[in-house]
Amino acid sequence: MLVKYAKYAAERGKKTLFVVPGNLLAYNLRQKDHVEAVTWHKLIGVRPTEDGEEATRAINIQDYQLIVFDEIFTYTMRQQARIKDFMEKSRDMWDEQGNYTERKFFAAGDTFQNLPREKLDVPNPRAFYNDNMARLFPAHVDLRVNKRMDNEADRVRIETFKKDCFSLSRDEVAAKYFTRIYDAKATMGKAICFTNKEVDTVNSVLHNRKVAERKAQNESVHEHPGSPTYYIGMILCCRSQLKSKGKVFYTNFEYRIEEITEWGAKLWDFNADQVDDSTTSEHLEASFTQLLSHFKPNYAHTGHSSQGLTFDSAVTIYGHNNWHCTSEWLYVAGTRTRRLADVYYFRGEPQAHGKTESEFLNNVRKKIRSCLEADARAGRRYEPNTEMTEADVLKLLRTVKKDTPTEWHLTCPSCIRDMQIFYDNGDEAQYSIDRIDSTLAHVKGNIQIICLRCNKAKH
Ligand SMILES: [Zn+2]
């Protein structure tokens, strides 16, 4: 949509610059959509360091009349504040004849996705992000439905898929829309995993499979003592920022192995062809030790790191049945391809959470006890035998429970986020028994289950 708009603007002599959170996204936009695209860091001229960030040369935006922030909902509140500053400073522009024009800013993104990784002390973070975005871009947010699916039937189907994500259990959704695989070795295309641990496991299975395939086809692989096997063209994802030979590798950015030397590897940055950029045009180098400690293969991604990416290949989803997995996560993972028929899911053994049903019941009883004690302390009185019972609470818990009988998975009805039934002390994502009318005690009919965060925000 915005790419079309940019092309339309270009025909009228206006240049557009796309701004995205990651280097691979920028690269894909340049390669596939033939638009100019830079990373967010490059736009404002900073780069992250271990203890904060340092200034670097920002891109010259002189010629761009339109600036489009893509994947806008992946930015943290702090980054959004910087975008606001940037827009205020860069709004004014003069053309060659010295006439004033106003630079235009647009944003695009999907509101139905994972929230940025930051803790916000607000009752409904999703609404908070959306409101803030509406303030930043009052008239120019392009909320997209889904632009990836390449056929009409899938575009219709994806709407049902989205609804089902919220009304069915995640296992039911996966079974309804995707094809099941039983063995990680049978992973189709890219893997999207819920946890980093799954990313590591799946990466190693897929890397071994790939290396075996290359060997079978007499394609070269590089085996260096004490180091994993690499091959030319292999893509590595940087786990944590690294400075090597004066160049910086960024966290979550992707690099391609161009050459393997005695010392390590020469890598190509997907931003090497980025507009107005001399800092990343050369090859970067990392030693074997650095490769091992700072990079991972990119066969598997987390849901967060796959946000905004479109894979031409198939996708296999791992961990949709995880306790903490959300409907949004499954939706993001299930919509990275161009055809729903290209989505697979892995379903092995249920997640071992190491907790039993009896531990769960003990926890419920403990919670009820402490609520009734709080009522007594606060002097909230009630008629005998009207106080909530274990059966009442279990019944309510069942209404906010979304998964199969063997797996408890709760969603807070107030903020639609995950609610934990096993939690660390003080974790605000734990379920809590809330008094609907806060002047009354924990009596039958006056209780509901919401997360502790929402509960605290209410009282
Ligand atoms: Zn909540």
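Good morning. Two helices count as roughly antiparallel when the angle between their axes is over 145 degrees. I begin with that cut-off and apply it to one helix pair in this structure, which is a predicted model.

The pair consists of helix α6, residues 152-167, and helix α11, residues 327-334. Their axes come within 9 Å and cross at roughly 150 degrees. With the cut-off at 145 degrees, α6 and α11 are therefore roughly antiparallel to each other. The crossing of these two helices is right-handed.

Which residues of α6 and α11 meet? From α6 come Phe161, Lys162, Cys165 and Phe166, and from α11 come Ser327, Leu330, Tyr331 and Gly334. Sorted by class, this contact has five nonpolar residues, two polar residues and one charged residue.

I turn now to a sheet. In general, strands of a sheet pair through backbone hydrogen bonds, either parallel or antiparallel. Here, five strands form an open sheet, and the pairing is antiparallel. The order of the strands is β17-β16-β15-β12-β18. Why do β17 and β18 each have one side without a neighbour in the sheet? These strands, β17 at 284-287 and β18 at 295-297, stand at the edges with a single partner strand each, so one side of each is left free of a neighbour. From one strand to the next, the twist averages 45 degrees.

Within this sheet, I would draw attention to one pairing. Strand β15, residues 254-260, and strand β16, residues 264-269, pair in the antiparallel sense over five bridges. Arginine 256 stands opposite tryptophan 268, which lies in β16. Thank you for your attention.

Technical notes. Residues numbered from 1 in each chain as written. Predicted model: local features only at pLDDT ≥ 70, side-chain atom pairs only at ≥ 80, totals over all residues. Axes fitted to C-alpha atoms, helices over the stretch in contact; angles between N-to-C directions. Helix = DSSP H or I, 4+ residues; strand = E, 2+ residues; numbered from the N terminus. Parallel < 35°, antiparallel > 145°, perpendicular 65-115°, else oblique. Left-handed = near helix turned anticlockwise from the far one by under 90°. Contact = placed C-beta atoms within 7 Å. Nonpolar A, V, L, I, M, F, W, Y, C, P; charged D, E, K, R; others polar. Pairing = 2+ DSSP bridges.
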